[in-house]
Amino acid sequence: MTYFDLNLDLTDEDNAIREAAHKFAKEVMRPLSIELDRMSPEEVVAAESPLWGFLKQAYELGYHKGAFPVEVGGLGFTPIQSHILMEELFWGSTGLGAVLLLAAWPYVKILHAMDMELIEEFVVPFCQCTDASVTGSWAITEPDHGSDSLNVGEPFWSDPSIKMQLSAREEGDQWVLNGQKSAWVSCGPTATHSMVNVQIDTTMGPAGGGVCILPLDLPGISRGKALDKHGARDLPQGELFFDNVQIPKRWMFTGPEEYGEWVITNLGFGNTGVSVGALGLARAGFEETLSYAKDRVQGGKPLIEHYSIKVRIHRMFAKVEAIRAMSRAVWNVNTRAFPPLAEYAFAAKTFCTEAAVEVIDEGLQIHGANGLTKEYFIEKLWRDARSLTIADGENSVLNRQGGHILKDTFPRTSVNLIA
Ligand SMILES: Cc1cc2nc3c(=O)[nH]c(=O)nc-3n(C[C@H](O)[C@H](O)[C@H](O)COP(=O)(O)OP(=O)(O)OC[C@H]3O[C@@H](n4cnc5c(N)ncnc54)[C@H](O)[C@@H]3O)c2cc1C
C-alpha cells in the first residue's frame with residue numbers, strides 16, 4: 001500500500017525514489033525482519049545470517065549514502081528525498097532501517113567535523129563501498145552511564161566524582177583507550193567501524209569527553225555477545241571492550257572544549273532521524289490495522305463498518321499524518337542546518353515516538369486477542385515500537401534538555417543553513 005502525499009510539489013524523481021524504496025522495503029526488508037525476529041541473537045549476527053545479504057543489497061542500491069553529497073560519492077538526495085527514502089525503509093523494518101542509519105552515522109559526523117583528512121580516510125571509502133564491507137555504529141552509553149552520558153547542562157555533568165567507563169589517555173602521538181561501552185550499542189556486534197565517545201579529562205566529569213572514529217578490528221578491541229531483546233530483534237546490539245587500544249591522534253576529532261556542544265548537536269541530528277523511524281513504524285501499524293478491520297467480521301459485518309472502529313481508525317490516521325508533518329518539517333531544516341535546531345529535534349523525537357506507540361497500541365487493541373499472537377504482524381510492531389521512546393535518549397531526558405534550550409533561545413529568530 002502506498003500513501004497519498006500532502007506535498008503536491010513532489011517531482012517525478014521524488015516519486016520514483018519512493019516507489020523503488022517501497023518495493024525494497026516490502027519485498028526484502030519486511031519478510032527478512034520477520035525471519036530475523038524469530039532467530040536467536042547469535043544467529044542474527046552469525047556469518048551465515050541473511051542480515052548480510054540485506055546489507056549488500058541495500059549498499060548496491062546506494063541506500064546507505066542517499067543524503068551524502070555527490071562530492072564525496074553520495075547520491076546527493078534533497079532533504080525531502082532522503083526523508084521519503086528513510087520513511088519507506090523504516091516502514092519495511094525499524095530495526096533494519098536503524099542498521100542502515102547507524103551504518104552511516106560516524107561518516108555523517110565526520111562530514112560535520114569538516115576534517116578533510118578524515119573525510120578522505122573514512123567517508124569516501126564508505127560512500128564508494130557497494131558490498132557492505134564498511135559499516136558504522138555509535139558507542140556513547142556505558143553500563144553505568146546511560147542518560148548520564150547525554151545529560152548536558154545538568155549540575156552533575158561537570159562533577160569530577162563521576163568517572164566514565166571508557167577513558168582515553170595521550171601517549172606520544174597516540175591515544176590509548178581502556179574500558180567498555182554498554183550492551184545497547186546498535187550494530188556493536190556487526191559493524192566494521194565505530195564512532196566512540198571517551199572520557200579524556202576526568203577532572204571535568206562527563207563533560208570532559210572526546211569523540212573518535214576507529215575500525216573495530218584493532219588489537220585490544222573485543223565484542224560482547226549480541227543482546228537478547230523483546231523487540232527490534234533485527235537490530236543487533238552488544239558491548240564493545242577496549243584493552244589498551246592505540247589510535248592515532250587524528251582519529252580523535254572532538255575534545256573536551258567542544259564536547260557538550262557536540263553531544264547536543266549529535267542528538268539533534270540523531271533525534272531527527274529517530275522521528276522518521278517512528279513515522280515508518282506508525283504508518284505500517286496503521287495500514288496493517290485498517291486492512292485487518294476490513295477483513296475481521298464481528299456483529300455480522302467487517303469491523304470497519306462499525307461506527308466506533310471508524311472513529312478509532314481515523315484517529316490513528318490523524319496521528320500518522322501529524323507524525324509525518326512534524327518529522328518531515330524538522331528533517332527538512334535539520335539536514336541543512338549547522339548546528340541543527342535541537343529543541344525541534346527533541347520535540348520531533350519525543351512527540352513522534354510517543355504518538356507511534358499510541359498508534360501501534362490502538363492497532364493491537366483493534367486486532368483483539370489476535371494481536372497478541374505471532375501470526376499477526378501488529379504483535380511484532382508493538383514490540384518494536386516500545387524501544388523508540390528510550391533509544392537515542394530517554395524521552396523525558398530529551399524533553400528536559402529541550403526545555404533547557406528553550407529557556408535561552410525562545411523565540412528563535414534564525415537558523416544557520418549550510419546547504
Ligand atoms: C533501541 C535502542 C538503541 C540504542 N542504540 C544505542 C547506540 O547505538 N549507542 C549507544 O551508545 N547507546 C544506544 N542505546 C542506549 C540508549 O541511548 C539509552 O538506553 C538511553 O540513553 C537511556 O539510558 P538507560 O537505558 O541507561 O536508562 P537510565 O539512564 O538508567 O534511565 C532510566 C530512567 O531514569 C531516568 N533518569 C536518568 N537520569 C536521570 C536524571 N538525572 N534525572 C531524572 N531522571 C533521570 C530516565 O529518564 C529513565 O526514565 C540504545 C537504546 C535502545 C533502546
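A residue is counted as near the ligand if one of its heavy atoms lies within 4 Å of the ligand. In this predicted model, 21 residues surround the ligand, and Trp138, Thr141, Ser147, Ser186 and Glu394 come nearest. By residue type, the shell around the ligand divides into 10 nonpolar, 9 polar and 2 charged residues. Domain 2 (138–258) and domain 3 (260–409) each supply at least three residues to the shell.

Several polar atoms of the protein face the ligand. A polar side-chain atom of Ser147 lies 2.6 Å from an oxygen atom of the ligand, and a backbone N or O atom of Ile140 is placed 2.9 Å from a ligand oxygen atom. For Trp184, a polar backbone atom lies 3.1 Å from a nitrogen atom of the ligand. On its own, the ligand has 980 Å² of accessible area, of which the protein covers 66%. Strand S1 (138–139) and helix H11 (395–409) are the elements that give two or more residues to the shell around the ligand.

Charged side chains also pair with one another within the protein, and the count comes to 25 salt bridges. One of these joins Arg30 and Glu288, with an N to O distance of 3.9 Å. Arg30 belongs to helix H1 (residues 12–37) and Glu288 to helix H7 (residues 259–295), so the pair ties together parts that are 258 residues apart in sequence. Arg30 counts as buried because its relative accessibility, 12%, falls under the 20% cut-off. Glu288, with a relative accessible area of 25%, is partly exposed.

A further salt bridge is formed by the side chains of Arg283 and Glu88, at 3.1 Å from N to O. This pair links distant parts of the chain, since Arg283 lies in helix H7 and Glu88 in helix H4 (residues 79–92), 195 residues apart. Arg283 is buried, with a relative accessible area of 2%, and Glu88 is buried as well, at 1%. Both residues belong to a network of salt bridges that links Glu87, Glu88, Arg283, Glu287, Glu321 and Arg324.

A salt bridge within a single helix is found between Asp384 and Lys380, both of which lie in helix H10 (residues 377–386). The N to O distance of this salt bridge is 2.6 Å. The two residues are 4 residues apart, about one turn of the helix, and both are buried.

Notes
Residues numbered from 1 in each chain as written. Predicted model: local features only at pLDDT ≥ 70, side-chain atom pairs only at ≥ 80, totals over all residues. Heavy atoms only, no water. Salt bridge = Lys/Arg side-chain N within 4 Å of Asp/Glu carboxyl O. Buried < 20%, exposed > 50% of the residue type's maximum accessible area, 1.4 Å probe, protein only. Polar contact = N/O pair within 3.5 Å; in protein donor to acceptor, adjacent residues only side chain to side chain. Areas by Shrake-Rupley, 256 points an atom, 1.4 Å probe, with all protein chains shown as cover. Nonpolar A, V, L, I, M, F, W, Y, C, P; charged D, E, K, R; others polar. Domains from an automatic or database assignment.
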